Amino acid sequence: MAFWWSLIVLALAYAICRFLLMLIPPNVPSIDVDASDMVDDGNQSQENSFIYIPPRGRTQQSDKKVQCYEPATMKYLGFSLALSADEVKERVALARKAQKVWAKSSFKQRRQFLRILLKYIIEHQELICEISSRDTGKTMVDASLGEIMTTCEKITWLLSEGEKWLKPEYRSSGRSMFYKKAKVEFHPLVLSVPLFHGIILSIISLIQCWQQCFQGMALSLRFQKMQVGLGVSTYELFKQLLLPLVLLIVWLMYNRIMKNASETLTPVTLELGGKDAFIVCDDVDVPHVAQIAVRASLQSSGQNCAGAERFYVHRDVYSSFVSEVAKIVKSVLAGPPLAGKYDMGAICLLEHSDKLQYLVNDAIDKGAEILARGSFGHLGEDAVDQYFPPTVIVNVNHSMKLMQEETFGPLMPIMKFNTDEEAIKLANDSRYGLGCAVFSGSQRRAKDIASQINCGVAAINDFASNYMCQSLPFGGVKDSGFGRFAGVEGLRACCLVKSVVEDRWWPYIKTKIPKPIQYPVAENAFEFQQSLVETLYG
């Protein structure tokens, strides 16, 4: 008895020591990232701060330059030289070479790398959000929600579980191979990350990079022209960490990526946005859900791939919900996010406000009605086209382009439904299938509705909370793309997945071809094989 008590005491002491060691913060060094060219110190010369007037329509960049500007003010930020196809290939080759070195690093070294990143991000939240706000037009609050919090959550999850999911995973070897050990290994590869819609995924897009760095990958980053400044700042951060990285600043479209990838059979993960449904049942707390609905629609000026773009509200609470939402939206003030206190920022993409107005006009021509709109603060006359007022639209139906095409803007079309079956049918009537949000006083009812919606991400009584649960995969179906990033699935998505089988009791038990089926096979070879199958599986 004394022996067992001694073991229990030792185990308890070990557990207490492990817990106390966890409380001791690791020694994480600080780094200094040069962001002087990213921040306006007020001393810029006039020629470097003129208003950029972009050409209308799709025109080629002159002199192979990617022109950069601040969406909220149209202030010119500079340019970056576009790379030629040969230069891109050269940098990818360098990335492959660097990856061989980085792949040999230990998980301990990679965790330290992520801790340094996390420390820098926490200590420089304001700087990061200012650069993000300047380069994308989003507010500081939206930058913090979309960039800082999610990135920190991603890094924290990787520190906690990353090694666990990248270590070899042992699987059952089955009946016939009981004497074998079966496992799956995950080997890092070079990763190319095209970053497009800068408004929502500027630094947060790079959490995918943090994840792949933990896997031992080299990175090839491709930034949209609105993101060049932010990209250079992030590049400096990586450079200070001595990470093997190649920065590519090019302008690509997803279909071109897919086409080029098909020529070399390169696997890709495509997250292409969506037309997410936001369903409100008749047993909800209307004021509570209305606040979430407005945030789901207007965050980052509505330029959010996971933003709510179609609102379906039960007829019994339709009037009260619409009234509550209209009251909130009327209080929203849009303006240059770094020039004052504004609830919403600018539209990042050039000429996108024209598309938004086109969708609104089409809906009005077919019977829709604008119920409420937000207001503008002080806008520079050169940047007026970069803003669109948050707008609530009622009397909508699926004949309107507003309910079919991806909006990517601050529009809230609200449609009435009568039954849960109708809401499900309406939600599935879309070529997109990224996510959905379902609200009900009955969690079982909400889950039942969400389970019947054809999409990759579902939030029950919440909006896009999946993105903060970094253990979960993120991605959609139909025209919303394929593949997943984030979570275990995303962590392994860009790995070489290798299955390995070895003898369990080597060298005592080895594979030996049974005599009847050795070449040349015996007369009774098939009878032997038939008996073997019956013995193992009969």
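**Figure 1. Phe278 has Phe311 of strand E10 as its bridge partner.** The view is taken from a predicted model. Strand E9, residues 276-280, pairs with E10 in the parallel sense, over five bridges. Strand E10 spans residues 308-314 and is mostly covered, with seven of its seven residues buried. Strands of a sheet pair through backbone hydrogen bonds, in either a parallel or an antiparallel sense.

**Figure 2. Seven strands form an open sheet with mixed pairing.** The strand order is E12-E14-E15-E10-E9-E17-E18. Strand E12 (369-373) and strand E18 (457-460) stand at the edges; each has a single partner strand, so one side of each lacks a neighbour in the sheet. On average, neighbouring strands of this sheet are turned by 20° against each other, direction ignored. Towards the E18 edge, strand E17 (residues 435-439) pairs with E18 in the parallel sense over four bridges. Val438 has Ile460 of E18 as its bridge partner.

**Figure 3. Helix H10 packs on the seven-stranded sheet.** Helix H10 covers residues 315-330 and touches E9, E10, E12, strand E14 (391-394) and strand E15 (411-417). The direction of H10 makes about 170° with that of E15. Helix H12, residues 420-428, lies across E9, E10 and E15. Relative to E15, H12 runs at about 140°.

**Figure 4. Helices H3 and H5 pack with their axes within 10 Å.** H3 comprises residues 107-123 and H5 residues 140-166, and their axes cross at roughly 170°. The two helices are therefore roughly antiparallel to each other. On H3 the contact is made by Phe107, Arg111, Leu114, Arg115, Leu117, Leu118, Ile121 and Ile122. On H5 it is made by Ile148, Thr151, Cys152, Ile155, Thr156, Leu158, Leu159, Glu163 and Leu166. By class, the contact of H3 with H5 has 12 nonpolar, two polar and three charged residues.

**Figure 5. Two cis peptide bonds precede Pro507 and Pro520.** The bond from Trp506 to Pro507 is cis, with omega near 0°. The bond joining Tyr519 and Pro520 is also cis, with omega about -10°. Pro507 is placed in the loop between strand E21 (496-503) and helix H15 (525-537). Pro520 likewise lies in the loop between E21 and H15.

**Figure 6. Met74 and Glu351 have positive phi values.** Neither Met74 nor Glu351 is a glycine. Phi of Met74 is near 65°, and that of Glu351 is about 65°. Met74 sits in the loop between strand E1 (65-70) and strand E2 (75-81). With 3% relative accessibility, under the 20% limit, Met74 counts as buried. Glu351 sits in the loop between strand E11 (333-334) and helix H11 (352-365). At 29% relative accessibility, Glu351 counts as partly exposed.

**Figure 7. The whole protein chain has 15 helices and 21 strands.** This overview gives the setting for the close-ups. Of the 538 residues of the chain, 49% count as buried. The chain exposes about 27,300 Å², and carbon and sulfur atoms supply 56% of this area. Among contacts between residues at least 6 apart in sequence, 73% join residues at least 24 apart.

How values were computed: Residues numbered from 1 in each chain as written. Predicted model: local features only at pLDDT ≥ 70, side-chain atom pairs only at ≥ 80, totals over all residues. Heavy atoms only, no water. Buried < 20%, exposed > 50% of the residue type's maximum accessible area, 1.4 Å probe, protein only. Contact = heavy atoms within 4.5 Å. Areas by Shrake-Rupley, 256 points an atom, 1.4 Å probe, with all protein chains shown as cover. Axes fitted to C-alpha atoms, helices over the stretch in contact; angles between N-to-C directions. Parallel < 35°, antiparallel > 145°, perpendicular 65-115°, else oblique. Nonpolar A, V, L, I, M, F, W, Y, C, P; charged D, E, K, R; others polar. Pairing = 2+ DSSP bridges.
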